[in-house]
Amino acid sequence: MAPAIDIEGLTKDYKVGFWRPRPYRALDGLTLQVTPGEVFGFLGPNGAGKTTTLKLLLQLVFPTAGRAEILGRPVGDLEARRRIGYLPENPYFYDNLSAEELLQYFGSLFGYSSSDRRARASRLLDRVGLGAERRMQLRKYSKGMIQRVGIAQALLNDPEVLFLDEPMSGLDPLGRRDIRALILELRDRGTTVFFSSHILSDAEALCSRVAIVAGGRLATMGRLAEMAGYELRGWEVVVTGLGADAAARLAARGIRATAVSEGRYALELPKDARPESVVSDLAASGASLVSVAPLHTTLEEIFVQHVAKTSSARQGAL
Amino acid sequence: MSLRTIQHIALAVFRESVRDRVLYNLVGFALLVIGTSYLIGQISAGEDVKIIKDLGLAAMSIFGVFIAIFIGIGLVSKEVERRSIYSLIAKPVRRSELVAGKFAGLVLTIAINLAVMAAVWYGVLGLMALVEPESFKKAWEAPATDPRMLIAVYLIFVQLAVVVALATFFSTFAGPMLSAVFTFALYVAGHFSADLKHFDVVVGNSPVRYITGALYYLLPNMAMFDVKNAVVHGQPVPFGYVITATLYGATFSLALIVASVWIFSRRDFK
């Protein structure tokens, strides 16, 4: 299957300094492919090259070297742009237009008829929870509302590939929950979602694959479960009604019980322990099981590990 | 380039511009000046209609330039600065269509505003024609609501289109403040460009002659669009002159828009 996004050796140098401009490499030889229909997380600390990559894919900036294709067409191709959606980081629109007018304007650029534009604008504003404020001028919108308008305009053309730059930025917990649900809904409909973020829990919850960039270079990429360092660390068993005898038996096996709330204890088992046997022992001693969960290395730990490695390698190269 | 896309962008610019508070303030102030010219006319016996004509045309020209500059610089540079251009560029739009659409949208805004100002101005002059005694009217060089004055209004419009093209050109590579300063500086310098042509008579130095000669052709000749004195005094403005000034304005604007497209199409939006 041809990749939805195909990037090869993409490099971008910016000129910095006023009197004697010198090149600053914001992105260094990025190569990656995104499969159609996957939710791909593009992660990295601030200044890692995430936004530069998105700008190169949207042709907001031109590459110094390398190439990129979207849906088999070169970046910037008008036909490809008809099939993509883009939410910039901290989007900003025209103060004096209403959300409805903005979406209708953008719809006209896709060549939709006026009735189609109206229908799309109405459906999407309802979808992002702005149906009641559709005729309000955008300068009166809050940051979170502008972010929602940004999402609506990105979905205007039912894109096959959706680029989201920090989509959760400016949203409250409810807004973030809505966007997560929306991304999963789009994934189920077969939309390819490429989103950049430094909020790792979002990537962990949504992405089938992630890439981590640091210092303009790709640090690691792959399925989270297969990623180096993403391994089973142990098990967490939560129980209630844990008696003193049972706690002592567990301690003798090297398992410590930590009180987490009134009458509730969390037990951390090593990765080679069999949680079933512990659970049956506890049940026999009168304790009740609340939950059993595997403990993985968090994405945050992988992230810190790879970012530190890439940053030190880059410093060494300099 | 798709004319339909340009039309959609132009209409959006128009819709956004006509709701701009800056525009309301400028047009409001211009209408106030035109309105109060009636009162000024009252205290200058015999010269009243001429004063209203002079002040009205000057107000249309000056406030039109302010509208062209303050809203014109927002077309591209503010859009880049505020990053609203990001979502727009991701749509199936060529950068050339974007520049052309923005220019066309502001020219449309200017045309409508100029029409409103001219209508109010003619209204004030019509009122004068009604209330002034016949003995006063005999001293007038031309009728109060002389339709030939529309030629001056039309040439102000052509001049403002050149100012919009200048603002668009500068805003493709400079920030809003610098764009405003550059545009206004060229607008002012353009009124004296005819003097540069005859600079060689004053200065014998040949490098200076070449530089002033080059500047004469580079700077927009804004004085070419100024026929206010002629129409106020009821003097005819030849049709050929109007055509020449229109072609000059159109060519100058087109050259600036082509240069704007060239720069804008190569620009990185950091």
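Which residues in H1(B) are buried? Keep that question in mind as we tour this predicted model, one close-up at a time.

**Figure 1. Helix H1 of chain B covers residues 3-17.** Here is the reply to our opening question: B:Thr5, B:Ile6, B:His8, B:Ile9, B:Ala10, B:Ala12, B:Val13, B:Glu16 and B:Ser17 are the buried residues of H1(B). The helix has 15 residues. From its first C-alpha to its last, H1(B) reaches 21 Å, close to the 21 Å expected at 1.5 Å a residue.

**Figure 2. B:Phe169 sits in helix H7 of chain B.** Helix H7 takes in residues 149-171 of chain B. Why does B:Phe169 count as buried? The reason is its surroundings: B:Phe169 has 28 C-beta neighbours inside 10 Å, and a residue is called buried because 20 or more other C-beta atoms lie within 10 Å of its own. Leaving aside residues up to four places away in sequence, B:Phe169 touches B:Leu256, B:Ala259 and B:Ser260. You can also look for B:Ile89, which is 80 residues from B:Phe169 in sequence and 18 Å from it in space, C-alpha to C-alpha.

**Figure 3. Chain A is assigned two parts, domain 1 (5-225) and domain 2 (232-296).** The C-alpha centres of domain 1 and domain 2 of chain A are 44 Å apart. The C-alpha atoms of chain A fill a box of roughly 75 × 55 × 40 Å along the principal axes. Within chain A you can find 10 helices and 14 strands. Of the 318 residues in chain A, 41% are buried. Among contacts in chain A with a separation of 6 or more, 71% join residues 24 or more positions apart.

**Figure 4. Four strands of chain A make an open sheet in the order E2-E1-E4-E5.** The pairing in this sheet is antiparallel. Strand E2 (22-34) and strand E5 (73-74) of chain A each have a single partner strand, so one side of each has no neighbour in the sheet. Follow the partners across: E1(A) is joined to E2(A) by 9 bridges, E1(A) to E4(A) by 5 bridges, and E4(A) to E5(A) by 2 bridges. Some facing residues help you find your place. A:Asp6 has A:Gln33 in E2(A) as its bridge partner, A:Thr11 stands opposite A:Ala65 in E4(A), and A:Glu69 stands opposite A:Pro74 in E5(A).

**Figure 5. A hairpin and a helix belong to the surroundings of strand E1 of chain A.** The hairpin of E1(A) and E2(A) has 5 residues between the strands. In this hairpin, A:Gly17 takes a positive phi near 95 degrees. Helix H1 (residues 50-57) of chain A lies across E1, E2 and E4 of chain A. This helix runs at about 110 degrees to E1(A).

**Figure 6. A second view of strands shows six of them in the order E6-E7-E8-E3-E9-E10 of chain A.** This open sheet has mixed pairing. Its edge strands are E6 and strand E10 (217-223) of chain A, and each pairs on one side only. On average, neighbouring strands of the sheet are turned by 15 degrees against each other, direction ignored. Strand E3 (residues 39-43) and strand E8 (residues 192-197) of chain A are parallel and share 5 bridges. In that pair, A:Phe40 has A:Phe194 as its bridge partner.

**Figure 7. Edge strand E6 of chain A is joined to strand E7 by 4 bridges.** These two strands run parallel, and A:Leu87 has A:Leu164 in E7(A) as its bridge partner. Which residues of E6(A) point one way, and which the other? A:Ile84 and A:Tyr86 point one way, A:Gly85 and A:Leu87 point the other way, and all are buried. Helix H5 (residues 143-154) of chain A lies across E6 and E7, at about 170 degrees to E6(A). Helix H6 (residues 173-188) of chain A lies across E3, E7 and E8, at about 150 degrees to E8(A).

**Figure 8. Chain A meets chain B through 25 residues of chain A and 20 residues of chain B.** Helix H2 (78-81), strand E6 (84-87) and helix H3 (99-109) of chain A each give two or more residues to chain A's side. H3(A) gives the most, with 5 residues. By class, chain A's side has 18 nonpolar, 3 polar and 4 charged residues.

Key:
Residues are numbered from 1 along each chain as its sequence is written. Chains are lettered from A and ligands numbered from 1 in the order in which they are written. This is a predicted model: local features need pLDDT of at least 70, side-chain atom pairs count only at pLDDT 80 or more; totals for chains, interfaces and linings use all residues. A residue is buried if 20 or more other C-beta atoms lie within 10 Å of its own, exposed if 12 or fewer, and partly exposed in between; C-beta atoms are placed from the backbone. Two residues are in contact if their C-beta atoms, placed from the backbone, lie within 7 Å. Ala, Val, Leu, Ile, Met, Phe, Trp, Tyr, Cys and Pro count as nonpolar, Asp, Glu, Lys and Arg as charged, and the others, Gly among them, as polar. The expected span of a helix is 1.5 Å times one less than its number of residues. Two strands pair if DSSP finds at least two bridges between them. Domain bounds come from an automatic or database domain assignment. Axes are lines fitted to C-alpha atoms, for helices over the stretch in contact, and angles run from 0 to 180 degrees between N-to-C directions.
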